[in-house]
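Thank you all for coming; I would like to walk through one structure with you this morning. Please have it open on your screens, and stop me whenever something is unclear.

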Amino acid sequence: MDTSSVLSDEDYDVISNPGQRSLESSVTDFGHVLGSPTREIPPTDAARHSLSTVSLTPADIQAYVRTALSTAAGRGVKYPADRTVRVYVDGVFDALDAGRMLRLRQAKLSFASVHLMVGVFPDEACHVQGGGGSAAALKHPHLERCEALRHVKWVDEIVPDAPWVLDDAFMISKRIDYVALEEGSSVNPEFDKERLKGYDELKKIGRVIPTRRTFGLVSKLTIPSSPPSHSADATPYKSTSELEPYTPQQGGGPLALPWRDSVERC
């Protein structure tokens, strides 16, 4: 075969990829095979009983999104079922609790094949938009919030420079198909009104898909102020003042432990 007829990476970029993306970066778009299942540990019976969205199957989630798109903006929006869909979720993500994880799960499973992008607001944006109080209330800096999300199996891409308000320019630059937004956000008094304006504009053109709110979450765990009482049969523990000080063996040798020889032979 004439090797001159084989397209190089540069030829590929010019002919098939006018955006000048490399062959390697383009291949990563195919990281999710259509219809490939995402391995998931089953929830406990207690979680199924208490948390409303835990038992939602991929089919449940996709049917819900399909119905939402069919009535989006008063007109039907075609449900993309034959390609990988780029879905975007944004937020502070200072605490990765069950509610946020279940929200990401729904976003990931909203179509047969999803590339889930998660935008994380920088500390400065939280400070400015929160009137000076939000950044101070953050428990984790921006770098650590991004790093924590990197280990969530539902997430495919982190967007560390997430804008506070979404617009067309950002959607186009990141090639976002849909933004996943939790139901009830528009009537939540704690939700920032400026952010809602951006979502509302996207809703008008059918670019927002819903995720269902999880009911049954505990807002704050109450811990008893007094320690539990110990039964008479409980193993007695010595207080710090009652502990005998450690005295090295004479000669400075290692402390004789019954399992030491077996450990050293491993």
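Arg86 counts as buried because its relative accessibility is 11%, where buried means under 20% relative accessible area, exposed means over 50%, and partly exposed is what lies in between, calculated with a 1.4 Å probe on protein chains only. Before going further I should say that this is a predicted model, in which local features need pLDDT of at least 70 and side-chain atom pairs count only at pLDDT 80 or more, while totals for chains, interfaces and linings use all residues. Residues are numbered from 1 along each chain as its sequence is written, and side-chain values use heavy atoms, with hydrogens and water left out.

Arg86 sits in strand β1, residues 85-91; helices (H or I, at least four residues) and strands (E, at least two) are DSSP runs, numbered from the N terminus. The side chain of Arg86 reaches the backbone oxygen of Lys174 at 3.0 Å. That is a polar contact, a pair of N or O atoms within 3.5 Å, where within protein one must be able to donate a hydrogen and the other to accept it, and where residues adjacent in sequence count only if both atoms are side-chain atoms.

Let me turn to Thr71, in the loop between α4 (58-70) and β1. Is Thr71 buried or exposed? Thr71 is exposed, because its relative accessible area is 56%. Its side chain reaches the backbone oxygen of Thr67 at 3.4 Å, and, measuring nothing but the model's C-alpha positions, Thr71 and Gly206 are 8.8 Å apart in space although 135 residues apart in sequence.

Now to the aromatic rings. A pair of aromatic rings is described by the distance of the centres and the angle of the planes. Rings of Phe, Tyr and Trp (its six-membered ring) pair if their centres lie within 6.5 Å, and planes under 30 degrees apart count as stacked, over 60 as edge-to-face and the rest as tilted. A search of the whole structure finds 4 aromatic pairs. One of them is Tyr88 with Phe170, whose ring centres are 5.4 Å apart and whose planes stand at 65 degrees, so the pair is edge-to-face. This pair links distant parts of the chain, with Tyr88 in strand β1 and Phe170 in helix α9 (residues 168-173), 82 residues apart. Tyr88 is buried, at a relative accessible area of 0%, and Phe170 is buried too, at 10%.

Phe111 and Tyr178 form an aromatic pair that is stacked, 5.4 Å centre to centre with 25 degrees between the planes. Here again distant parts of the chain are linked, since Phe111 is in the loop between α5 (98-108) and β2 (114-120) and Tyr178 is in strand β4 (residues 178-182), 67 residues apart. Phe111 counts as buried at 1% relative accessibility, and Tyr178 is buried with a relative accessible area of 7%.

Next, two residues with an unusual backbone angle. Most residues other than glycine have a negative phi, and most peptide bonds are trans. Phi of Phe93, however, is near 55 degrees, a positive value; Phe93 lies in the loop between β1 and α5 and counts as buried at 5% relative accessibility. Phi of Arg175 is also positive, near 55 degrees, and Arg175, in the loop between α9 and β4, counts as partly exposed at 38% relative accessibility.

How are the strands ordered in the sheet? The 5 strands form an open sheet in the order β3-β2-β1-β4-β5, with parallel pairing; two strands pair if DSSP finds at least two bridges between them. At the edges stand β3 (157-159) and β5 (208-211), each with a single partner strand, so one side of each is left without a neighbour in the sheet. From one strand to the next the twist averages 30 degrees. Between β1 and β2 there are 7 bridges in the parallel sense, and the bridge partner of Val89 in β2 is Val118.Helix α4 packs on the sheet, touching β4 and β5, and its direction makes about 140 degrees with that of β5; contact means heavy atoms within 4.5 Å, and the axes are lines fitted to C-alpha atoms, for helices over the stretch in contact, with angles that run from 0 to 180 degrees between N-to-C directions. Helix α8 (residues 142-150) lies across β2 and β3, running at about 160 degrees to β2.

To end with the chain as a whole, there are 11 helices and 5 strands, and of the 266 residues 30% count as buried.
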